[in-house]
Amino acid sequence: MQRWFAEEQDVDLCYSTACRIVRYDLGAKLKTPRPSHPKKKKSDSEQVAFKEKLPARIEAIRAEAERPVRLFCQDESRFGIMPITRGCITLSGVKPIQQKKPGYQNFYLYGAVEPKTGKRFLLERESLDSNGFQDFLDGFSRRFPQSTNILILDNGRFHKANKLTIPENVRLIFLPPYSPELNPIERFWEDLKDHLAFDLHQTLSELKERVSEKLHSYTDEAVASLTGYQYLVDAANA
């Protein structure tokens, strides 16, 4: 940014002044870009259409449902004993060091959150497949038996497996391709992993205990703050 001020704006600023302008006056901070598929650009119009049509799709489900309708967002995330690394601030010329323990043991969390309320259902499984997703659907259905529950989810192959049996009180709405930014549970996973960053776990059971401890610390209000995308809250309230 300091170079940009000099080269593009012909303004010579010291580092501390450039930092103050960017960080405090503009409210910006250093972020790592999330990977984006080359085909992503083609889905921009589909994302706009998805947002516009979602209220009508929910209303159609509400019209035929005999129970109250609730809107949830679903996704899975992998957790392994290889430590999670995040950026950190150091003195000039100091290279931070992160302890690592090579290892490939991992487990998965299947999850669903309700953006409007922060209510959620999580299931731990050893693998990511249609059997695990079926277990998740069955448990999710039992967790919220008094409502018809819409799940917004991505187009993962096992989400559409022919052998799946969708519970009677669950409806699936699939996101446009290459659109993870429309799914707010991604922010929940990101926040959870931020709290686990730099932790060195010797065993998988130790990691599971730490993840469970952190999950139980979340309040509904905190989860709603993370996942309450306005387009989803508006659609649920329509």
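Two strands are said to pair if DSSP finds at least two bridges between them. With that in mind, the legends below describe close-up views of a predicted model.

**View 1. Strand β1 and strand β2 lie side by side in the sheet as an antiparallel pair.** Strand β1 covers residues 69-80, and its antiparallel pairing with β2 extends over eight bridges. One position to look for in this view is E76, which stands opposite Y110 in β2. In a regular strand the side chains alternate between the two faces of the sheet.

**View 2. Strands β2 and β3 form a hairpin, with G118 in the loop that links them.** Strand β2, made of residues 106-113, and strand β3, made of residues 120-125, pair in the antiparallel sense over six bridges. Within this pair, Y108 is placed opposite R125 in β3. Six residues lie between the two strands of the hairpin, and G118 takes a positive phi near 85° there. G118 counts as buried because its relative accessibility is 0%. When residues up to four places away in sequence are not counted, G118 touches D220, V223 and A224. G118 and T17, by contrast, are 101 residues apart in sequence and 40 Å apart in space, C-alpha to C-alpha.

**View 3. Five strands make up an open sheet with mixed pairing.** The order of the strands across the sheet is β3-β2-β1-β4-β5. At the edges are β3 and β5, the latter formed by residues 170-174, and each of these edge strands pairs on one side only. From one strand to the next, the twist averages 25°.

**View 4. Two helices, α5 and α6, lie across strands β1, β2 and β3.** Helix α5 runs at about 35° to β1 as it lies across these strands. Helix α6, which is made of residues 204-217, runs at about 15° to β2.

**View 5. Helix α5 and helix α7 cross with their axes within 8 Å of each other.** Helix α5 comprises residues 185-196 and helix α7 comprises residues 220-227, and their axes cross at roughly 120°. This makes the two helices oblique to each other, because an angle that is neither under 35 degrees, nor over 145, nor from 65 to 115 counts as oblique. The crossing of α5 and α7 is right-handed. On the α5 side the contact is made by I185, R187, F188 and D191, while on the α7 side it is made by V223, S225, L226 and T227. Sorted by class, the contact of α5 with α7 has four nonpolar, two polar and two charged residues.

**View 6. H159 is found in the loop between β4 and β5.** Strand β4, which comes before this loop, consists of residues 148-153. Is H159 buried or exposed? H159 has a relative accessibility of 2% and therefore counts as buried, since buried means under 20% relative accessible area. Leaving aside neighbours within four places in sequence, H159 is in contact with Q74, E76, F133, L153, D154, L164, L172 and F174.

**View 7. Helix α8 packs its buried residues against α3, β1 and β4.** Helix α8 is made of residues 230-237, and its buried residues are Y231, L232, V233, A235 and A236. Among the elements that these buried residues pack against, α3 is formed by residues 44-64.

**View 8. D10 and Y178 each have a positive phi in a residue other than glycine.** Most residues other than glycine have a negative phi. In D10, phi is near 55°, and this residue is placed in the loop between α1, residues 2-8, and α2, residues 15-25. D10 is exposed, because its relative accessible area is 70%. In Y178, phi is also near 55°, and the residue has its place in the loop between β5 and α5. Y178 counts as partly exposed because its relative accessibility is 34%.

**View 9. The whole protein chain is built from eight helices and five strands.** Read along the sequence, these elements follow the pattern α-α-α-β-β-β-α-β-β-α-α-α-α. Along its principal axes, the C-alpha trace spans about 65 × 45 × 35 Å. Of the 238 residues in the chain, 39% are buried. Among contacts between residues at least 6 apart in sequence, 68% join residues at least 24 apart.

How values were computed
Residues numbered from 1 in each chain as written. Predicted model: local features only at pLDDT ≥ 70, side-chain atom pairs only at ≥ 80, totals over all residues. Heavy atoms only, no water. Helix = DSSP H or I, 4+ residues; strand = E, 2+ residues; numbered from the N terminus. Axes fitted to C-alpha atoms, helices over the stretch in contact; angles between N-to-C directions. Left-handed = near helix turned anticlockwise from the far one by under 90°. Contact = heavy atoms within 4.5 Å. Nonpolar A, V, L, I, M, F, W, Y, C, P; charged D, E, K, R; others polar. Buried < 20%, exposed > 50% of the residue type's maximum accessible area, 1.4 Å probe, protein only.
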